[in-house]
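Take a look at how the parts of this predicted model meet. We start between the protein chains and then turn to the DNA.

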Protein chains: 2
Amino acid sequence: MNDVFEALAHPVRREILKLLRKRSMSAGELAEHFTIAKPTLSGHFAVLKKADLVTTERQGTTIIYQLNMSVMEEALAAFMQLAGMKGKER
Amino acid sequence: MNDVFEALAHPVRREILKLLRKRSMSAGELAEHFTIAKPTLSGHFAVLKKADLVTTERQGTTIIYQLNMSVMEEALAAFMQLAGMKGKER
DNA sequence: TTCCTAAATAACAAAATTATGAACGACGTG
DNA sequence: CACGTCGTTCATAATTTTGTTATTTAGGAA
C-alpha cells in the first residue's frame with residue numbers, strides 16, 4: 001500500500017490514472033497528453049505498475065495500459081480507514 | 001490538493017495522521033511513537049501543516065497537533081473522484 | 001534480412017526528500 | 001535574570017526522485 005501512496009504523490013501519475021479511467025490507452029496515446037519526454041513518462045508508468053495501479057497488455061508493437069480498478073478500490077479503502085471514515089477502527 | 005497527496009506519500013506521516021485520529025497530541029507525545037530524531041519529525045509536521053492536514057495550538061511550551069478533518073474529507077473526495085467512484089466525471 | 005516504429009532501458013545530471021546533530025527561540029519557574 | 005524544557009530552525013549529508021538524451025529491444029512490413 002506504501003507503493004500506492006507513493007505513486008499517487010506525483011501529479012503526472014494522477015493524471016495518467018484519470019486518463020485511464022476513461023479508457024485504456026497505449027503509452028504513445030498517453031504521451032500525447034503530456035509535454036514531458038517519453039522516457040520520463042515511461043518511468044512514471046513503471047511506478048504505477050510497481051504499485052499495481054495499472055496493468056499492461058502488448059498488442060503488436062504497442063503496449064496498452066489499463067487501470068487496475070481493484071487496487072484503486074483497495075487504496076480508497078485504505079484511505080478511508082486512515083481518515084477514520086469507514087472500515088476498521090485501527 | 002497536490003500538497004495533500006505528497007504529504008500522504010510517507011509512511012511516518014500517515015502514521016502521524018492515524019495517531020491524531022484518536023486524539024490531539026503534542027509534538028513530544030507524537031515523538032514517543034517513533035524512533036526517528038526530533039528534527040526529522042518536525043520536518044514531517046511541517047509537510048502535514050503545509051498540506052493543511054493538521055493544525056497547531058500552542059499551550060505554554062508544548063505545541064498540540066490536531067487533525068484537520070475537513071481537509072481529510074476533501075482529500076478523500078478527491079481520491080474518490082480520481083478513482084471514478086463518485087463525484088464529478090472529470 | 002533490412003527498415004521502421006513503439007516503448008523500455010542505460011547513463012547521467014539536477015533537484016527534492018529524508019535524515020542527523022548543533023544551535024536557537026519561546027515559555028514557565030525559581 | 002538564570003535555568004530547564006519543548007520544539008523548531010540551521011547546516012549538512014545521504015538517498016531518492018525526476019528529468020534528459022542516447023541506446024536497445026521487440027514487433028510488423030517490405
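Across the interface of chain B and chain A, the rule finds zero salt bridges. A salt bridge here is a side-chain nitrogen of Lys or Arg within 4 Å of a carboxyl oxygen of Asp or Glu. The rule does find four residue pairs in polar contact across the interface of chain B and chain A, both residues at pLDDT 80 or more. A polar contact is a pair of N or O atoms within 3.5 Å; within protein, one must be able to donate a hydrogen and the other to accept it, and residues adjacent in sequence count only if both atoms are side-chain atoms.

Which elements of chain B build the side that touches chain A? α1 (2–7), α2 (11–22) and α5 (69–83) of chain B each supply at least two residues. The largest share, ten residues, comes from α5(B). Helices are DSSP runs of H or I, at least four residues, and strands are runs of E, at least two, numbered from the N terminus. By class, this side of chain B has 14 nonpolar, three polar and nine charged residues. Ala, Val, Leu, Ile, Met, Phe, Trp, Tyr, Cys and Pro count as nonpolar, Asp, Glu, Lys and Arg as charged, and the others, Gly among them, as polar.

Now the DNA. 21 residues surround DNA strand C, and the closest are Gly28(A), Tyr65(A), Ala37(B), Thr40(B) and His44(B). A residue is near a strand if one of its heavy atoms lies within 4 Å of it. A phosphate oxygen of strand C is 2.2 Å from an N or O atom in the side chain of Tyr65(A). For the side chain of Thr40(B), the corresponding value is 2.5 Å. Gly28(A) uses a polar backbone atom, 2.8 Å from a phosphate oxygen of strand C.

DNA strand D is surrounded by 22 residues; Ala37(A), Thr40(A), His44(A), Gly28(B) and Tyr65(B) are the closest. Sugar and phosphate account for 80% of the strand D atoms within 4 Å of the protein. A polar side-chain atom of His44(A) lies 2.7 Å from a phosphate oxygen of strand D. A polar side-chain atom of Ser42(B) is 3.0 Å from a phosphate oxygen of this strand. α4(B) gives the largest share of the surface near strand D, four residues.

Residues are numbered from 1 along each chain as its sequence is written, and chains are lettered from A and ligands numbered from 1 in the order in which they are written. In this predicted model, local features need pLDDT of at least 70, side-chain atom pairs count only at pLDDT 80 or more, and totals for chains, interfaces and linings use all residues, while side-chain values use heavy atoms, with hydrogens and water left out.
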